[in-house]
Amino acid sequence: MSSTPLTLHYHPLSSFCWKVLIALYENDTPFTANVVDLGDEAQRAALLRLWPIGKFPVLEDGARDRIVPESSIIIEYLAQHYPGSVTLVPADPGLALQTRLRDRFYDHYVHLPMQRIVADRMRLDAQKDPLGVAAARAQIETAYAMIENDLGDEPWAMGDAFTMADCAAAPALYYANVAVPIGTTRPDTVTYLQRLMARPSFARVLTEAEPYFRYFPLNAERREGIASLR
Ligand SMILES: N[C@@H](CCC(=O)N[C@@H](CS)C(=O)NCC(=O)O)C(=O)O
């Protein structure tokens with residue numbers, strides 16, 4: 001029997017799993033890590049039994065007999081049942097709402113369009129979707145402009161405090177910068193991404209993902225682009 005009730009079903013290269021790993025590492029929350037290889041039929045079937053949608057991360061809480069899917073819901077669940085010194089969802093309802101808005105913003109308007117672009121790279125030529133990719137790129141450009149406008153001198157998405165919004169921003173911006181480079185015209189966004197990458201929780205996630213990066217559809221120059229940010 002494991003000494004911790006929490007098991008995270010995840011993969012070290014998966015951006016949405018990064019979001020939850022950051023939250024767990026922020027508070028040193030103990031958990032058992034179960035790496036799921038979706039290419040392995042038995043492992044995929046086991047994940048589908050937990051969450052028929054078949055996406056990770058999924059958190060299993062043996063203490064409450066709960067299966068918790070969806071990265072934002074997992075972070076909220078951890079904040080409720082396994083709080084730590086870093087308050088990822090503010091207690092103030094107004095600030096909590098703003099945190100959730102930023103979390104939704106990064107997931108829907110940076111993270112998901114980035115996934116669409118990356119998924120298209122892995123398709124055969126006949127299956128490619130140039131219109132969908134163009135729309136996803138435009139969405140990310142709009143989001144970048146909004147982020148640059150919003151950040152100002154604040155260190156984190158919600159100001160001085162590191163929150164769930166930053167857990168969402170880190171993987172979204174990291175991978176989006178590969179698909180649609182943030183470039184030189186958005187200095188505050190670049191600085192924010194660098195600050196996120198220097199945060200010990202996210203730096204640890206990146207180090208753990210390093211051995212898997214060769215499976216990510218990157219070309220060499222993009223790899224250097226990422227390396228130069230570190
Ligand atoms: N809305 C979900 C998205 C999760 C998601 O898209 N996970 C991806 C990995 S980053 C996945 O499981 N992909 C595998 C698949 O779709 O087969 C969340 O926030 O957790």
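This section describes the fold, the surface and selected residues of a predicted model of a protein chain.

The protein chain contains nine helices and four strands. Read from the N terminus, its elements follow the order β-α-β-α-β-β-α-α-α-α-α-α-α. The radius of gyration is 17 Å, close to the 17 Å expected from the globule rule for 230 residues, so the chain is as compact as a globular protein of that length. Along the principal axes, the C-alpha atoms occupy a box of roughly 50 × 45 × 30 Å. Contacts were also examined by separation in sequence: among those between residues at least 6 apart, 69% link residues at least 24 apart.

Burial and surface composition were then considered. Of the 230 residues, 48% count as buried. The exposed surface of the protein chain amounts to about 11,600 Å², and 55% of this area is supplied by carbon and sulfur atoms. The chain carries 22 positive and 28 negative side chains. The centres of these two sets are 4 Å apart.

Strands β3 (residues 58-61) and β4 (residues 66-69) run antiparallel and are joined by four bridges. Within this pairing, L59 has V68 of β4 as its bridge partner. The two strands form a hairpin with four residues between them. One residue of this hairpin, D65, adopts a positive phi near 55°, a positive value in a residue other than glycine. D65 is located in the loop between β3 and β4. Its relative accessibility is 71%; because this lies over the 50% cut-off, D65 counts as exposed.

Backbone features are also found on either side of the hairpin strands. In the loop between α2 (41-50) and β3 lies P57, which is joined to F56 by a cis peptide bond with omega of about 10°. In the loop between β4 and α3 (71-81) lies E70. E70 is not a glycine, yet its phi is positive, at about 75°. With a relative accessible area of 43%, E70 is partly exposed, whereas D65 is classed as exposed.

Two further residues were examined for burial and surroundings. H11 belongs to the loop between β1 (6-10) and α1 (15-26). At 18% relative accessibility, H11 falls under the 20% cut-off and therefore counts as buried. When residues up to four places away in sequence are set aside, H11 touches C17, V35, V36, F56 and Y212. One of these contacts, F56, is the residue that shares the cis peptide bond with P57.

V118 is part of helix α4 (residues 93-121). Its relative accessible area is 8%, and V118 is accordingly buried. V118 and K19 are separated by 99 residues in sequence. In space, the C-alpha atoms of V118 and K19 are 18 Å apart.

Definitions and conventions:
Residues numbered from 1 in each chain as written. Predicted model: local features only at pLDDT ≥ 70, side-chain atom pairs only at ≥ 80, totals over all residues. Heavy atoms only, no water. Rg over C-alpha atoms; globule rule 2.2 N^0.38 Å. Buried < 20%, exposed > 50% of the residue type's maximum accessible area, 1.4 Å probe, protein only. Contact = heavy atoms within 4.5 Å. Areas by Shrake-Rupley, 256 points an atom, 1.4 Å probe, with all protein chains shown as cover. Lys, Arg positive; Asp, Glu negative; His and termini not counted. Charge placed at Lys NZ, Arg CZ, Asp CG, Glu CD. Pairing = 2+ DSSP bridges.
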